[in-house]
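Reader: I've got a new structure open on my screen and would like a quick tour. Could you take my questions one at a time?

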Amino acid sequence: MAKDDVIVFSGVVEDKLPNTMFRVRLENGHEILATVCGKMRKARIWVNVGEHVRVEMTPYDLDKGRITFVERNRPSTDQSANA
């Protein structure tokens with residue numbers, strides 16, 4: 001399967017499960033099982049409950065996915081916001 005054959009969704013991590021599996025509720029209301037992609041695992045990027053994530057899924061199995069990005073609320077470095 002080519003890399004272009006994936007479907008990308010946004011979702012929220014609902015639950016942490018053993019073996020780096022997560023229960024993710026997608027933006028359309030479906031709930032899937034997702035694991036962390038290899039590059040995130042190699043870089044030791046942690047995923048916590050309640051974080052917004054980007055999930056890639058194959059069109060052949062819509063019950064499982066791969067977390068490829070974690071959207072974190074980072075503090076702003078804008079000086080006008082701090083003043």
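Reader: Which strand is Arg 54 found in?
Author: Before we start, keep in mind that this is a predicted model. From the N terminus on, the elements go β-β-β-α-β-β-α. Arg 54 belongs to the strand that spans residues 52–58, and that is S4.

Reader: Is Arg 54 buried, partly exposed or exposed?
Author: Its relative accessible area comes to 34%. Buried would need under 20% and exposed over 50%. Since 34% falls in between, Arg 54 counts as partly exposed.

Reader: Which ring does the charged end of Arg 54 sit over?
Author: Start with the neighbours: leaving out residues up to four places away in sequence, Arg 54 touches Val 8, Phe 9, Arg 66, Ile 67, Thr 68, Phe 69 and Glu 71. Two names there are Phe 9 and Phe 69. The charged end is 4.5 Å from the centre of one ring, and that ring is Phe 69.

Reader: How far apart in space are Arg 54 and Val 8?
Author: Along the chain, they're 46 residues apart. Val 8 is still among the residues that Arg 54 touches. C-alpha to C-alpha, the distance is 6.9 Å.

Reader: How many aromatic pairs turn up in the whole structure?
Author: To count as a pair, two ring centres have to lie within 6.5 Å of each other. The search went through the whole structure, and the number of pairs is zero.

Reader: Which residues make up the covered face of strand S2?
Author: S2 covers residues 21–26 and has two faces. Met 21, Arg 23 and Arg 25 are on the uncovered one. That leaves the covered face to Phe 22, Val 24 and Leu 26.

Reader: What is the bridge partner of Val 13 in S2?
Author: S1, residues 7–17, runs antiparallel to S2, with six bridges joining them. Val 13 lies in that S1 range. Its partner in S2 is Val 24.

Reader: And on the S3 side, which residue stands opposite Arg 25?
Author: S2 and S3 pair in the antiparallel sense too, over five bridges. S3 takes in residues 31–36. The residue opposite Arg 25 is Glu 31.

Reader: Which residue takes a positive phi in the hairpin of S2 and S3?
Author: In the hairpin of S1 and S2, with three residues between the strands, Asn 19 takes a positive phi near 60 degrees. The hairpin of S2 and S3 has four residues between its strands. There, the phi is near 100 degrees, and the residue is Gly 29.

Methods: Residues are numbered from 1 along each chain as its sequence is written. This is a predicted model: local features need pLDDT of at least 70, side-chain atom pairs count only at pLDDT 80 or more; totals for chains, interfaces and linings use all residues. Side-chain values use heavy atoms; hydrogens and water are left out. Rings of Phe, Tyr and Trp (its six-membered ring) pair if their centres lie within 6.5 Å; planes under 30 degrees apart count as stacked, over 60 as edge-to-face and the rest as tilted. A charge sits over a ring if NZ of Lys or CZ of Arg is within 6 Å of the ring centre and within 35 degrees of the ring normal. Buried means under 20% relative accessible area, exposed over 50%, partly exposed in between (1.4 Å probe, protein chains only). Contact means heavy atoms within 4.5 Å. Two strands pair if DSSP finds at least two bridges between them.
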